[in-house]
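Please open the model in a viewer and keep the selection panel at hand. The stops below proceed by selection, each with a short account of what is found there.

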Amino acid sequence: MRHLTLMRHAKAKQPSGDMTDHQRPLNKRGMRQAEAMAHVLQRWQALEGKICVSTAVRTRQTFDVIEAQHLERQLDSHVLLDDALYTFEGEALLAWLKALPDTAKRVLVIGHNPALVELAHWLNDEAPPSLPTGSVLHFTLPETPWSAIKKGSAELAGGLTPETASYALLKGHAGELHPTKCDTASRLHEALAYQFERVKALKPGVIAGEDPEFLHQYRVSLRRSRAMLESVRSITNVSGLKKRLKQLKQHASATSDLRDLDVFLEELNHTEPPLSAGAQQSLRQWLQGCQRAEHRALCQQLSAPGYLEALEEWQRWLGSETCEQALAKLSPKRIQAVLDERVVRHHEDRAALSLDSPDAAFHELRKGVKRIRYLADLHPATSKALLAGLKRRQRLLGEHQDLCVRQAWLEAFSVSKEGTSKERQECAQWQVALEAQKQTLRKKVLALKPLARG
């Protein structure tokens, strides 16, 4: 099997003065796009074969940024700068491809549109209709000579844009919420609509699975929406709102295990665990296998008809008169009342805790704090002192929850019988150390002063 990866150069500056098209350099966003795609190309093994780059400045700089990343080896020894790739015609690019030596099993082309798009559609008519700057398409082809490639003979194995590979790029492109209305109902409606659009915009990145931050932000948007609507429901009865809240909870719950795995693996990458090298490797490989399985399951759910129908219903409800009437009943005074009620409940729940309380009780306290925080963020009258207290609580309880998650996955690893008995014993010893850290955090949580009034 042969592998062909087509990459369009990253975003370039527009020509100015005497600058020719060939001389156009990358702009700042283009640099970030190329940087984001370097690790995608590495994971796809696209950098292990023949790398062919147009001689235009923007394509050469795209490659330079990719090479500059902390990859395993230098790439300049097997890169080919080719004037023939500075073309915008699909037929010329196809002719170049057919002239490749048959010894080339993997080929990466960094070139230009529309030639790349035309070639992609010749190879497989299901290729996307456009290829934004910095985007890549990965094809697999039969083990036949390049000269014998036939139209439609390639399989499209994958495709990514920089904005689906890097949350930072999507964030910079999409922008933040900036309320334009002053009244409470309009501001909340804008916030709900914004979070809904974020869920839709984040979904491709969640499915791509390259940057865990997509999943985190996806969960945040679902939970913010739920917190706002729970506040509405606490004030007034709204037809259909209970169903919407249930759907939001189900969508968020479906991501929990994958998010926990992402956080645990990220921690393993940045902090040396108290395990031998063999135990670390066995644990990491097992966790990565679980991560892949959870990601596949989530992708299936996000692509299921029921999920798409729920999104459509959610969008219709946001634009309905029912939603408008419900939000109209909200006022700063009523929101403050809900905030006060939740703060009082939080203090009661915390007072009921002890060092011996089950993990689940501390987890419920954390979820309550997050609901207060999401609502407080939307309430202009919320004091800075209350927000500061909520952030501190959220951080402490979040650290406690992370320790619980590590313990749970370590226990699951041991039950799975992966690794040697010695490696499982090391993990059991780590669990004991994690328990001691949890007790320290519990003491800090129980010693917290009451929250300031909003």
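Which residues does glutamate 163 touch, not counting residues up to four places away in sequence? Select glutamate 163 together with Arg29, Gln33, Leu169, Leu170 and Phe214, which are the residues it touches under that condition. The model on display is a predicted one.

**First stop: glutamate 163**

Glutamate 163 belongs to helix α5, which covers residues 162–165. Is this residue buried or exposed? Its relative accessible area is 17%, and because buried means under 20%, glutamate 163 counts as buried. Now display side chains: that of glutamate 163 makes a polar contact of 2.8 Å with the side chain of arginine 29. Add alanine 201 to the selection; its C-alpha lies 9.7 Å from that of glutamate 163, although 38 residues separate the two in sequence.

**The whole chain**

Zoom out to the full chain, in which there are 17 helices and six strands. Along the principal axes, the C-alpha atoms fill a box of roughly 75 × 60 × 45 Å. Of the 454 residues in the chain, 48% are buried. Consider next the contacts between residues at least 6 apart in sequence: 76% of them join residues at least 24 apart.

**Second stop: arginine 58**

Select arginine 58, located in helix α2 (residues 57–68). With a relative accessible area of 2%, arginine 58 is buried, since the cut-off for that class is under 20%. Which polar partners should be displayed with it? One is the backbone oxygen of aspartate 21, placed 2.6 Å from a polar atom of the arginine 58 side chain. Another is histidine 112, whose side chain is joined to that of arginine 58 by a polar contact of 3.3 Å. To view the wider surroundings, extend the selection to His9, Ala12, Asp21, Arg24, Leu26, Tyr86, Phe88 and His112; these are in contact with arginine 58 when its neighbours within four places in sequence are left aside.

**Third stop: two backbone features**

Move to the peptide bond between asparagine 113 and proline 114, which is cis, with omega about 0°. Proline 114 sits in the loop between β4 (106–111) and α4 (115–123).

Then select glutamine 45, in the loop between α1 (28–43) and β2 (50–54). What is the phi of glutamine 45? The angle is near 65°, a positive value in a residue other than glycine. Glutamine 45 is partly exposed, its relative accessible area being 34%.

**Fourth stop: the crossing of α11 and α17**

Show helix α11 (residues 277–302) and helix α17 (residues 421–446) as ribbons; their axes come within 9 Å and cross at roughly 85°. Because angles of 65 to 115 degrees count as roughly perpendicular, α11 is described as roughly perpendicular to α17. Select the residues that make the contact: Gly278, Ala279, Ser282 and Leu283 on α11, and Glu423, Glu426 and Trp430 on α17. By class, the residues of this contact comprise three nonpolar, two polar and two charged.

**Fifth stop: helix α16**

Select helix α16, residues 384–415. How far apart are its end C-alpha atoms? They are 46 Å apart, and this agrees with the 46 Å that its 32 residues should span at 1.5 Å a residue. After α16 comes lysine 417, whose phi is positive, near 65°.

**Sixth stop: two serines**

Select serine 354, in the loop between α14 (332–351) and α15 (359–377). At 33% relative accessibility, serine 354 counts as partly exposed. Residues up to four places away in sequence aside, serine 354 touches Phe362, Arg442 and Leu446. The C-alpha atoms of serine 354 and leucine 446 are 7.4 Å apart, while the two residues are 92 residues apart in sequence.

Finish at serine 253, which lies in helix α9 (residues 241–253). This serine 253 is partly exposed, with a relative accessible area of 44%. Display arginine 219 beside it: from serine 253 to arginine 219 the C-alpha separation is 8.9 Å, across 34 residues in sequence.

Definitions and conventions:
Residues are numbered from 1 along each chain as its sequence is written. This is a predicted model: local features need pLDDT of at least 70, side-chain atom pairs count only at pLDDT 80 or more; totals for chains, interfaces and linings use all residues. Side-chain values use heavy atoms; hydrogens and water are left out. Helices (H or I, at least four residues) and strands (E, at least two) are DSSP runs, numbered from the N terminus. Buried means under 20% relative accessible area, exposed over 50%, partly exposed in between (1.4 Å probe, protein chains only). A polar contact is a pair of N or O atoms within 3.5 Å; within protein, one must be able to donate a hydrogen and the other to accept it, and residues adjacent in sequence count only if both atoms are side-chain atoms. Contact means heavy atoms within 4.5 Å. Axes are lines fitted to C-alpha atoms, for helices over the stretch in contact, and angles run from 0 to 180 degrees between N-to-C directions. Angles under 35 degrees count as roughly parallel, over 145 as roughly antiparallel, 65 to 115 as roughly perpendicular and the rest as oblique. Ala, Val, Leu, Ile, Met, Phe, Trp, Tyr, Cys and Pro count as nonpolar, Asp, Glu, Lys and Arg as charged, and the others, Gly among them, as polar. The expected span of a helix is 1.5 Å times one less than its number of residues.
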